[in-house]
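I opened a new notebook page for this structure. My plan is to look up the chain as a whole, then a few side chains.

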Amino acid sequence: MDVKSTVLNGFIEDEVYVQQPSWFVDYTHPDFIFKLKNALYSLKQAPRACYEGLSSFIIDKGFVNGKVDTTLFTKHVDNDFLIVQIYVNDIIFGSTNEKLYKDFKSCMKKEFKMSMMGELNYFLGLQVK
């Protein structure tokens, strides 16, 4: 799945100030600058803010963060499991149980604006079968 809104909705912890863009100048205060509360795509902090927002939400849903790969999350329910991998604003997930899969998909769609990309075939230049 591709999460559309996480970069724009991710809160940043650093204080970041930006100039008024040329297309949005307050002519009564042209020297004013903006203090950002949320990340923007072009900020170097954007991927981290995106990851922190997604990972916090996923952990709150009962997932365990990976010890070796901190972008990998697992959730065990009885003999089944759900595995989630975050890469910036993309999420790869799968499960041994269709209900776990559908519940996760539904839960994520309620919280974030996203699109389902379908079955994984390629990821970071690797073919997946």
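The entries below follow the order in which I looked things up.

**Entry 1, the chain.** I noted that this is a predicted model. I counted 3 helices and 10 strands. Along the sequence I read the pattern β-α-β-β-α-β-β-β-β-α-β-β-β. I looked up burial and found that 28% of the 129 residues count as buried. For the surface I wrote down about 9200 Å² exposed by the chain, with 55% of it supplied by carbon and sulfur atoms. I then took the contacts with a separation of 6 or more, and 47% of these come from residues 24 or more positions apart.

**Entry 2, the rings.** I found 3 aromatic pairs. In one of them, the ring centres of Phe93 and Tyr101 are 5.0 Å apart and the planes stand at 25°, so I entered this pair as stacked; the cut-off for stacked is under 30 degrees. I needed both values because a ring pair is described by the distance of the centres and the angle of the planes. I also noted that ring pairs link Phe63, Phe93, Tyr101 and Phe104 into a cluster.

Are Phe93 and Tyr101 buried or exposed? Phe93 has a relative accessible area of 13%, so I listed Phe93 as buried. Tyr101 has 30%, so I listed Tyr101 as partly exposed.

**Entry 3, Gln85.** I located Gln85 in strand 6, residues 80-87. Which side chain does Gln85 join by a polar contact? I found Thr71, at 2.4 Å. Leaving out residues up to four places away in sequence, I listed what Gln85 touches: Asp69, Thr71, Leu72, Asp90, Ile91 and Ile92.

Methods. Residues are numbered from 1 along each chain as its sequence is written. This is a predicted model: local features need pLDDT of at least 70, side-chain atom pairs count only at pLDDT 80 or more; totals for chains, interfaces and linings use all residues. Side-chain values use heavy atoms; hydrogens and water are left out. Rings of Phe, Tyr and Trp (its six-membered ring) pair if their centres lie within 6.5 Å; planes under 30 degrees apart count as stacked, over 60 as edge-to-face and the rest as tilted. Buried means under 20% relative accessible area, exposed over 50%, partly exposed in between (1.4 Å probe, protein chains only). Helices (H or I, at least four residues) and strands (E, at least two) are DSSP runs, numbered from the N terminus. A polar contact is a pair of N or O atoms within 3.5 Å; within protein, one must be able to donate a hydrogen and the other to accept it, and residues adjacent in sequence count only if both atoms are side-chain atoms. Contact means heavy atoms within 4.5 Å. Accessible areas come from the Shrake-Rupley method with a 1.4 Å probe; for residues, only the protein chains shown count as cover.
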